[in-house]
Amino acid sequence: MHDIRLIRDDPAAFDAALARRGFAASSAEVLVLDETRRAAATKAQDLLARRNEASKAIGAAIGRGDTDGAAALKAEVAGIKEELPALEAAEREAAQAQDDLLARLPNLPADDVPDGEDEAGNVEIARWGTPRDYAFEPKEHADFGPALGLDFEAGAAIAGARFTFLRGQMARLQRAIAQFMLDVQTGEHGYMECATPLLVREEAMFGTGQLPKFAEDSFQTTDGRWLIPTSEVSLTNFCRETIAEFGTPLRLTALTPCFRSEAGSAGRDTRGYIRQHQFEKVELVSICRPDHAAAEHDHMLRSAQVVLERLGLPYRTMLLCAGDMGFGAKKTYDLEVWLPGQQAYREISSVSWCGDFQARRMNARYRAENGKPAFVHTLNGSGLAVGRTLVAVLENYQQEDGSVIVPEALKPWAGGLEILEPAN
């Protein structure tokens, strides 16, 4: 949500920032609704003050025997009583229309975010690792994974497209990856492990920006609750409707299933394990004071990068352009891991700084030095997406005979598993 005062102060700057996100100018419409709301509120307040004043004057008029004056004052009070409901309704309607409009507008990009309409405008800022040279032509995971227990057919038979059934050694490797990630983030990077609800109320989805704009990309239950598309929703809403008393950033992490309808990705990555309706992710969330947010963004980015480096997976770090960022982000880094089967870098983590955009939607505040409540800043990122990391491990550690070597970093979590062998 946006600060209406900033729009009033500089509507041209607001529209220019929206244009960088690919959105039409909206300040004029916002300000018309704002003026309508304020005018109705002001008139209602003036009438209430006059009603109180007239009510007191009625007694005085009666006391001095001025029956005509008292009657006129009573008529005025009755007229005000009839007029107030319409003004109050007009104020509510304008406020709701203004809130609905603002709720559909994305966060404004930070000044150092590059311009651009889509991923072509993203800027590579770093690269780590060298892709392995193979003595054979590396395959995509979808081609050799089924023999190792990545069962696309069983998943589809049970639940439909974009669901996968993991068996035996494959399920064990995915569990090892997830536990490794969680232990790195909690043991080394200061994140507190949480176990969060997987079903949340509409207010929680609104708070982090999934609603109303992206309702079709999520699953809703018959009782009105929503399956989380990421534990960012439940972790970030931990601070909703509160005034926190903290100095250092509050860092939270959770390993959860995530659920996405992928309505906006029709036809993309329909083959393999890249884009699923149900997947696991180790999510990172930070809630902090505004003056700590930039450094916290760097910390979160590094927390995700470390996982890839420990696993020996080549990757690159991208600074997203204004047109390619997520709805709630003001600045985002993407980590893209090398997939030799595709001969391409693919996104495996987005690390976003949201400023106070989510905090305003959740009414999440902290106590500033002057003692007054102010909005916190929120950040979120993947540390990492477990399924996509599994894909990266499979493709980067594949052998010519179809087996896959388990990376050294995972062995303490893999229960003695050192190599995935294809079924005969």
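# Worked exercises on a predicted model

At a relative accessibility of 52%, E241 counts as exposed, because the cut-off for that class is over 50%. The model is a predicted one, and the exercises below take up its backbone, its helices and its overall form.

## Exercise 1: positive phi outside glycine

Task: Establish where E241 and Q343 lie, and state what phi each of them has.

Solution. Begin with E241, which is found in the loop between α9 (232-236) and β7 (242-244). Its phi is near 55°, a positive value in a residue other than glycine. Next take Q343, which lies in the loop between β11 and β12 (344-353), and whose phi, again in a residue other than glycine, is positive and near 55°. Most residues other than glycine have a negative phi, and most peptide bonds are trans. As a last step, consider the surroundings: Q343 is exposed, since its relative accessible area is 53%, and E241 is likewise exposed, at 52%.

## Exercise 2: cis peptide bonds

Task: Identify the residues joined by the cis peptide bond that leads to P212, and those joined by the cis bond that leads to L384, and place each bond in the chain.

Solution. The bond from L211 to P212 is cis, with omega near 5°, and P212 has its place in the loop between α8 (202-207) and β6 (226-227). The second cis bond joins G383 and L384, with omega about 20°; here L384 belongs to strand β15, which covers residues 377-385.

## Exercise 3: the packing of α7 with α12

Task: Describe how helix α7 packs with helix α12, giving the geometry before the residues that take part.

Solution. Helix α7 comprises residues 168-188 and helix α12 residues 386-396; the two pack at an angle of about 115°, and their axes are 10 Å apart. The crossing is right-handed. From α7 the residues M170, L173, Q174, I177, A178 and M181 take part, and they meet V386, G387, T389, L390, V393 and L394 of α12. Sorted by class, this contact has 9 nonpolar residues, 3 polar ones and no charged residues.

A further step concerns the burial of α12. Of its 11 residues, 11 are buried, so the helix is largely enclosed by the rest of the structure. The buried residues of α12 include R388 and E395, as well as V391, A392 and N396.

## Exercise 4: helix α10 and the residues around it

Task: Compare the reach of α10 with its expected span, and then examine what precedes and follows the helix.

Solution. Helix α10 takes in residues 293-310, which is 18 residues, and its reach from the first C-alpha to the last is 26 Å, close to the 26 Å expected at 1.5 Å a residue. Among its buried residues are A293, H297, M300, L301, V306 and L308, together with E296 and E309. The helix is followed by G312, whose phi is positive and near 70°.

On the other side, R289 lies in the loop between β9 (278-288) and α10. With a relative accessibility of 10%, R289 counts as buried, because the cut-off is under 20%. Leaving aside neighbours within four places in sequence, R289 is in contact with F246, G247, Y366, R367 and E369. Although R289 and A368 are 79 residues apart along the chain, their C-alpha atoms are separated by 8.5 Å.

## Exercise 5: a glycine in a loop

Task: Decide whether G328 is buried or exposed, and name residues that it touches.

Solution. G328 has its place in the loop between β10 (315-319) and β11 (331-339). Its relative accessibility is 13%, so G328 counts as buried. Not counting residues up to four places away in sequence, G328 touches N107, C354 and F357. By contrast with these contacts, the C-alpha atoms of G328 and E283 are 16 Å apart in space, the two residues being 45 apart in sequence.

## Exercise 6: the chain as a whole

Task: Judge whether the chain is more spread out than a compact globule.

Solution. The chain holds 12 helices and 17 strands. Its radius of gyration is 28 Å, well over the 22 Å that the globule rule gives for 424 residues, so the chain is more spread out than a compact globule. The C-alpha trace spans about 110 × 45 × 40 Å along its principal axes. Buried residues nevertheless make up 49% of the 424 residues. Finally, of the contacts with a separation of 6 or more, 72% come from residues 24 or more positions apart.

Methods
Residues numbered from 1 in each chain as written. Predicted model: local features only at pLDDT ≥ 70, side-chain atom pairs only at ≥ 80, totals over all residues. Heavy atoms only, no water. Helix = DSSP H or I, 4+ residues; strand = E, 2+ residues; numbered from the N terminus. Expected span 1.5 Å × (residues − 1). Buried < 20%, exposed > 50% of the residue type's maximum accessible area, 1.4 Å probe, protein only. Contact = heavy atoms within 4.5 Å. Axes fitted to C-alpha atoms, helices over the stretch in contact; angles between N-to-C directions. Left-handed = near helix turned anticlockwise from the far one by under 90°. Nonpolar A, V, L, I, M, F, W, Y, C, P; charged D, E, K, R; others polar. Rg over C-alpha atoms; globule rule 2.2 N^0.38 Å.
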